[in-house]
Each structure stands twice: as structure tokens, then as C-alpha cells.
Amino acid sequence: MIALGYSREIYESAEQILAERRKKAEDLAAQRKSAFYGVCPQAAEIESVLSRTAIIAARAVLSGGSAREQLTRLKAENLALQNRLKEQLNSFGYEEHYLEPEYSCKLCGDTGYIDGKMCDCMKKLLRAQAYDSLNALTPLKLSTFDSFSLEYYSNKTDGDARSPRSIMEGVYANCRRYADSFSLSSPSLIMQGATGLGKTHLSLAIANTAIQKGFGVVYCSVNNMITKLEREHFGREEGNTDRIILDCDLLILDDLGTEFRTAFSCAEIYNIVNTRLMTQKPTIISTNLSTQELQERYTDRFASRIMGEYVRVLFCGRDNRLQKLLRNQS
């Protein structure tokens, strides 16, 4: 993902995290130095001399003239001092870099930049912060497979048809297998069914599992997503939500069909679905709309792309939320 176009808040959040990592590494190094110098005063003396030679070398460079001989001598003295310090560390059973800060990123030292160019660690952090920002209002931690209950689905059958509970047992098992085996080549899913049947719960459970496996997941209601895209598109808000949505490893769009329908919303939704299919990036869509209603609300072309490329997951039963409410009141 390119690192341009993030809001100021995203940059500030990422820089703050790097600053905290850097400070933690340097504080720990200072603590190790203090403890080691306490048992090995010679090491402290060597460090003091090393600091003085560095200052003398800097002055020699700034003074101009012929400082080559002096710098050569200082370099030899510095190397000898470093070897003495290494011997002191080894004598106490420590590695030669024991007194140095252990930064999370060895390349940039947790500064986020290398020779003025953004380090990969900073790019990844910006991406993660952008995901967190989009997912901020999502109860990702509240929905897991273990917390999903089948007790609200009826065991009653209608003739030769399977019971809602039997059907939903299969849906649950398939969603769990999808999550456990999720990869960048996983198929896209469309979860269809009435309100309150568990579509949001199981899509969030898949999101949780994918996040735990290290994938970048963005979860958002279609209504909130369109609102954010409109604000950024028309210059009322900073950000690059469109890029994040198109590039994330797994995109979960909840409640397709509840958004206010405009030419802009229809075009954006089709572009997201079509682009992610073309780039073979998995997407999960949940909707209360039937296939016919998808055709009527959007276009035949949109419905055709969904039904032709997505795996359909059909939910059935009665509104679980209403049943829970009635049970709690009884």
C-alpha cells in the first residue's frame, strides 16, 4: 500500500507509537548500562573515554586543515576501546551489543525513516492505524464463534425440509472452516437472510480469526463506508478510505442495502466489488436483500457479478435478537 493520503491523525498516531517503542528500547538499554556499570566500573570508564574520543574526532573534522593523522589515531584508539568493552561484557557472559538499545525495527531504529525515506515498518504501522480507525466502531471483540448460539433456531421441520437449526449448524460449520483456512485466495461470500439471524455475528467471528492470523481486515457497515467516502471525495474530510478498502486482505461490508441510495453510492459499491474481484481479494457481504431485490436496487450487472463470483451463504430462522428480548422479559 502506498503511504500517501492518510489523515494527520493517522500519521500522528503512528509516530507516537514509534516514539514510545524507541523510548522503551532506550530506557531498557539505560537500565542495563546502569546495572552493568555497577558491577563493572571499568566498563563505565571505557564508555566515558569513547565519548571523549568521539568529541575530539568531531572537533578535528570541524577545524579543517589536515586532520587525517589525528582521525586515524583516534579511530585506532576507539577500536581498541570497543574491543576492551567487548571483553568486559564477555567476561560477565553478555553479548557485545548488550548495552545497545534493542529497537523493534533494526533498519530505522524505530524512527520510521531511513535516509529520508519512509521505512517499511512505518508503512505497515500507518496501514494498521488506518484499519483500526475504520474498525473503531465495530464490536470485533464481542463476536466470536464460541459465543454464537444455535439455541434460538427452531428444531421443527416443515415436511421433508430440514429444520432451521440443522441448516444453521451447517452455516456455522462452513463459516468456521472458512475462517480457519482463510488465505488471500479464499473466495468471497455473500450472506443473505432476514434481520437478526446471525450474519453480523458470524462475519465478525471470521474477522476476528483472520486478524489473529495476521491478516489486515476492514469491517464496516455499507452506510458508514459510503458516508466516509463521500466526505473524503468532496473534500470535507482527510483520508484515503477508498485505497484502504480496496487494498485490505479481507473486506467485510455489513448491511448492504440499508444505505441511502444515490448515483454516488451505487457507483462506489460496484467499483469496490468489481475491483476486489479483479484483484482477487476476498470480500464478505451481508445483506437482508434477496437476489431479485439486489437486481432491483442496484443493477443486473451488479447482481450478476455477485451471484456469479461470490459463494452464497443463506441464513434462516426467526429474529434471534427479538427472541432474546422476549425471553429476558418473560
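This is a short viewer tour of a predicted model, moving from the whole chain to single residues.

**The whole chain**

Start with everything shown and coloured by secondary structure. You should find 12 helices and seven strands. Of the 330 residues in the chain, 40% are buried. Switch on a surface if you like: the chain exposes about 19,000 Å², and carbon and sulfur atoms supply 51% of that. For a feel of how the sequence folds back on itself, take the contacts between residues at least 6 apart in sequence; 77% of them join residues at least 24 apart.

**Helix H1**

Now select residues 8-39, which is helix H1. Put a distance between its end C-alpha atoms and you get 47 Å. At 1.5 Å a residue, 32 residues should span 46 Å, so the two values agree. Next, show side chains for the buried residues of H1: Ile 10, Tyr 11, Ala 14, Leu 18, Ala 25, Ala 29, Arg 32 and Phe 36. As you look down the axis, keep in mind that an α-helix has 3.6 residues a turn, so residues three or four places apart point the same way.

**A loop stop: Asp 115**

Jump to the loop between strand S1 (113-114) and strand S2 (117-118), where Asp 115 sits. Asp 115 is not a glycine, yet it has a positive phi of about 50°. Is this residue buried or exposed? Asp 115 is exposed, with a relative accessible area of 79%.

**Strands S4 and S5**

Select residues 250-256 for strand S5. Asp 255 is in this strand, and it has another positive phi in a residue other than glycine, near 65°. Asp 255 is partly exposed, at 27% relative accessible area.

Leu 253 is also in S5. With 3% relative accessibility, Leu 253 counts as buried, since the cut-off is under 20%. What does Leu 253 touch, beyond residues up to four places away in sequence? Show Cys 220, Val 222, Met 225, Ile 272, Ile 284, Ile 285 and Ser 286 around it. Of these, Ile 285 is 32 residues from Leu 253 in sequence, with 4.8 Å between their C-alpha atoms.

Then pick Tyr 219 in strand S4 (residues 217-221). Tyr 219 is buried, at 5% relative accessible area. Its C-alpha is 7.5 Å from that of Asp 254, 35 residues away along the chain.

**Helix H9 and its surroundings**

Select residues 263-278 to bring up helix H9. Its 16 residues should span 22 Å at 1.5 Å a residue, and the end C-alpha atoms are 22 Å apart, so that checks out. The buried residues of H9 are Phe 264, Ser 265, Glu 268, Ile 269, Tyr 270, Ile 272, Val 273, Asn 274, Arg 276 and Leu 277. Add helix H7 (222-233), helix H8 (241-247), S5, strand S6 (283-287) and H11 to the view; these are what the buried residues of H9 pack against. Just after H9, stop at Gln 280, which takes a positive phi of about 55°.

Keep H9 and isolate helix H11 (residues 300-309). How do they pack? The angle is about 35°, and the axes are 11 Å apart. H9 passes H11 in a left-handed crossing. On the H9 side, the contact uses Ile 269, Tyr 270, Val 273, Asn 274, Leu 277 and Met 278. Facing them from H11 are Arg 301, Phe 302, Arg 305, Ile 306 and Glu 309. By class, that makes seven nonpolar, one polar and three charged residues.

**Arg 297 in H10**

Move to helix H10 (residues 291-297) and pick Arg 297. With a relative accessible area of 19%, Arg 297 is buried; the cut-off is under 20%. Leaving aside neighbours within four places in sequence, Arg 297 is in contact with Gly 257, Glu 259, Phe 260, Arg 261, Cys 266 and Leu 289. Arg 297 and Cys 266 are 31 residues apart in sequence, and 8.9 Å separates their C-alpha atoms.

**Last stop: Asp 319**

Finish in the loop between strand S7 (311-314) and helix H12 (320-329), at Asp 319. Asp 319 is partly exposed, with a relative accessible area of 25%. Not counting residues up to four places away in sequence, it touches Thr 195, Gly 196 and Leu 197. Asp 319 and Leu 197 are 122 residues apart in sequence, but C-alpha to C-alpha they are 5.6 Å apart.

Note on methods: Residues numbered from 1 in each chain as written. Predicted model: local features only at pLDDT ≥ 70, side-chain atom pairs only at ≥ 80, totals over all residues. Heavy atoms only, no water. Helix = DSSP H or I, 4+ residues; strand = E, 2+ residues; numbered from the N terminus. Expected span 1.5 Å × (residues − 1). Buried < 20%, exposed > 50% of the residue type's maximum accessible area, 1.4 Å probe, protein only. Contact = heavy atoms within 4.5 Å. Areas by Shrake-Rupley, 256 points an atom, 1.4 Å probe, with all protein chains shown as cover. Axes fitted to C-alpha atoms, helices over the stretch in contact; angles between N-to-C directions. Left-handed = near helix turned anticlockwise from the far one by under 90°. Nonpolar A, V, L, I, M, F, W, Y, C, P; charged D, E, K, R; others polar.
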